[in-house]
Amino acid sequence: MRITLPDGTIREYDQTVTGANVAAEIGAGLAKAAIGAKINGQLCDLNQSIDHDSTLAIVTKPRLDKKGKTRGDMDPDALYLLRHSCAHVMAEAIQRLWPQAILAYGPPLDNGFYYDIALETPISSDDFEAIEIEMNKIIEENRPFTRYEMSPEEGLAKLTEEGNKYKIDNAQRALDGGSETLSWYVTGDQGCWEDLCMGAHVPSTGTIPAFKVMSIASSYWHGDVTSDRFQRIYGTAFFGHGDLDDHLELLEQAKQRDHRVIGQKLGLFVIDELVGQGLVLWKPKGALVRSLLQDFLQAELLRRGYQVVYTPHIGKIDLYKTSGHFPYYQDSQFPPIQMRDHVSGGEEQYLLKPMNCPHHVRIYASEPHSYRNLPVRLAEFGTVYRFEQSGELTGMTRVRGFTQDDAHIFCTQDQVKEEFAATVELTQFVFNTFGFEDVSIRLSLRDPDSDKYAGDPKLWDRAERELREVLSDMQIPYTQELGEAAFYGPKVDFVVKDVIGRSWQLGTVQLDYNLPKRFELEYVGADNATHQPVMIHRAPFGSMERFMAILIEHYNGAFPLWLAPEQVRVLPISDKFVGYAKEVSRALSSEGLRVHIDDANERVNAKIKVAQDDKVPYMLVVGGRDAEAGTVSVRDRSRGDLGPIQLPEFIRSVQVELSTRGQSVVEVV
Ligand SMILES: [Zn+2]
Ligand SMILES: [Zn+2]
């Protein structure tokens with residue numbers, strides 16, 4: 001049996017081995033750091049036996065610096081093992097404290113883990129300390145995570161006898177998903193606390209160095225509000241206390257930047273119960289920012305050969321039957337609108353637009369196309385409606401109506417590479433403009449062993465190869481996710497980091513071999529025969545609502561000058577200088593700047609405080625000396641007092657700043 005290690009070396013064995021065995025052979029250091037194994041790409045326990053030719057990567061704990069922080073990047077596999085294991089420890093601790101607690105489901109998350117628990121006694125944040133004390137005991141006991149398996153029949157019989165219907169349901173779903181056995185993890189030796197679980201886990205509870213019980217929320221079985229109600233307890237775990245501290249600090253910063261809080265404080269948007277949950281009302285200041293964002297993007301699109309279209313907010317249900325959006329995505333759509341035409345007596349059904357694509361497809365199909373006029377790039381800020389459950393709605397990030405910065409490119413297979421490169425370039429340009437400098441890409445490819453994919457496999461191979469070539473040529477870091485492509489084409493997601501280091505999934509580019517086929521789209525090729533175009537869906541912002549939410553948090557409400565709803569505020573130091581303030585204000589607005597005067601009967605320091613709170617980029621304090629000399633005393637919201645400057649010079653500086661969409665360039669000597 002041959003085991004191939006990540007560096008390509010091959011080790012030969014004539015009997016079964018485990019990741020632990022191999023790690024020990026390689027070296028004592030590796031054996032000590034090892035906490036799991038990745039066998040043929042699958043995350044497993046370190047002592048999982050290997051009995052046939054395999055690839056093997058040892059998952060290790062990270063090396064920490066003096067402050068208990070991971071050196072270099074954190075390994076998501078190591079964190080997954082740690083957090084999954086910590087979820088077991090938390091569940092055991094909770095059952096020690098509340099023996100009547102019934103466990104439902106406890107998965108790891110990107111930033112921690114949770115456990116759904118059915119328990120009548122409400123758990124509150126006051127109980128977290130007691131839970132953590134029990135968890136610490138379990139960790140100090142350093143008990144191993146021990147796996148055992150049963151056949152489906154035996155396992156289901158055991159679960160039925162135990163009588164936890166949630167676990168029976170979990171088991172059934174694991175079996176439906178292709179599991180051949182059911183497995184349990186005992187924390188310690190047989191007879192200790194155990195949980196039905198597919199794994200994998202760290203070797204023992206002592207491997208969990210830093211954790212915290214974070215919060216509690218309510219949830220429902222299968223997310224169904226009419227079903228059983230759970231208490232969902234969230235926790236997180238890290239390999240170092242420094243990492244945990246950083247995480248808590250980040251959460252604190254994120255809380256202060258919450259777009260719902262800032263959005264209300266700055267009067268950007270409101271969600272009104274009477275209008276409806278998940279339906280965003282953009283107030284004048286927020287709407288202004290949005291229209292500036294749209295203008296910015298639209299100008300770029302026109303420069304790059306896109307054509308702008310408009311389509312209605314509803315469409316006949318037959319359109320979505322042809323596209324396949326109905327009935328397949330029925331659960332996330334508002335139900336059809338049934339209408340009767342009194343003249344013809346006919347019945348018609350309409351849907352609120354769940355996607356813009358079918359409308360754009362029909363625009364393409366409305367006239368004949370030759371290879372000479374491809375690609376056709378149709379762009380629309382198109383509003384779509386999805387029915388999200390009320391529990392899923394959050395501010396502007398999860399809503400029921402949103403506007404995508406959508407576009408569809410219809411091109412030949414030969415043009416895919418170039419079009420894809422252009423969309424990546426556009427997306428990067430857009431992100432750089434907003435100061436998202438750290439951009440990475442997730443490339444979702446098909447599972448080569450599956451036959452569920454639409455389109456010619458040769459075209460898929462070619463497209464996937466070309467997408468990789470583009471990303472390598474552009475030197476953009478990317479990860480590949482096999483089997484994550486949609487059935488209709490490979491997909492690329494852009495992930496950006498904001499100023500406080502949080503990752504956001506923004507723009508998407510998606511190749512589509514399916515819709516052109518369903519709608520029988522055509523173009524006439526150079527060979528005079530008809531061919532099917534490829535469709536590319538792309539949206540750099542994603543949705544205006546979500547992008548706005550991310551920008552609010554990224555900038556902490558302090559929009560850069562070009563996006564600031566109010567760019568300059570003139571603050572006369574007393575009533576006497578309101579006349580001069582008006583003169584200044586007129587000069588600025590005639591140059592197209594957004595300016596207001598604060599003529600309240602207040603001391604200037606109070607006016608400065610208000611302007612700071614409103615995050616106005618520039619405050620111009622004007623008094624007697626300024627009026628005489630034709631100057632303004634400039635105050636920058638982040639750099640503070642910059643002193644007096646001639647008004648025309650200030651205007652020139654802000655114009656430079658606007659033209660670069662950059663950071664402040666006003667300098668006073
Ligand atoms: Zn588990
Ligand atoms: Zn689309």
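These legends walk through several close-up views of a predicted model.

Local features are described only where pLDDT is at least 70, side-chain atom pairs count only at pLDDT 80 or more, and totals for chains, interfaces and linings use all residues. Residues are numbered from 1 along each chain as its sequence is written, while chains are lettered from A and ligands numbered from 1 in the order in which they are written.

**View 1. The whole protein, before we zoom in.**
Here you have 20 helices and 34 strands; these are DSSP runs, numbered from the N terminus, with helices being H or I of at least four residues and strands E of at least two. The C-alpha trace spans about 90 × 70 × 60 Å along its principal axes. Of the 669 residues, 35% count as buried, meaning that 20 or more other C-beta atoms lie within 10 Å of a residue's own (exposed is 12 or fewer, partly exposed is in between, and C-beta atoms are placed from the backbone).

**View 2. An open sheet of eight strands.**
Read across, the strand order is 17-21-22-29-26-25-23-24, and the pairing is mixed; two strands pair if DSSP finds at least two bridges between them. Strand 17 (307-308) and strand 24 (478-482) are at the edges with a single partner strand each, so one side of each has no neighbour in the sheet. Helix 14 (residues 457-473) packs on this sheet, touching strand 23 (439-445), strand 24, strand 25 (491-497) and strand 26, and its direction makes about 170° with that of strand 23. Touching here is contact: C-beta atoms, placed from the backbone, within 7 Å. Angles run from 0 to 180 degrees between N-to-C directions, using axes fitted to C-alpha atoms, for helices over the stretch in contact.

**View 3. Strand 26 beside strand 29.**
Strand 26 (residues 503-512) pairs with strand 29 (residues 534-539) in the antiparallel sense, over five bridges. Look for T508, whose bridge partner in strand 29 is A539.

**View 4. An open sheet of four strands.**
The order is 8-9-14-13, with antiparallel pairing. Strand 8 (102-105) and strand 13 (210-220) take the edges, each with a single partner strand, so one side of each is left without a neighbour in the sheet. From one strand to the next, the twist averages 30°. Strand 13 and strand 14 (residues 229-238) share 10 bridges in the antiparallel sense, and S215 has Y234 of strand 14 as its bridge partner.

**View 5. Helix 3 packed against helix 4.**
Helix 3 (residues 76-97) and helix 4 (residues 128-140) meet at an angle of about 115°, with axes 8 Å apart. Among the residues making the contact are V89 and M90 of helix 3 and A130 and I131 of helix 4.

**View 6. Two cis peptide bonds.**
One joins G199 and A200, with omega about 0°; A200 is in the loop between strand 12 (194-196) and strand 13. Another joins L374 and P375, with omega about -5°, and P375 lies in the loop between helix 12 (357-365) and strand 21.

**View 7. N142, a residue with positive phi.**
N142 is not a glycine, yet its phi is about 45°. You'll find N142 in the loop between helix 4 and strand 10 (145-150). With 13 C-beta neighbours inside 10 Å, N142 counts as partly exposed.

Terms used: Contact = placed C-beta atoms within 7 Å.
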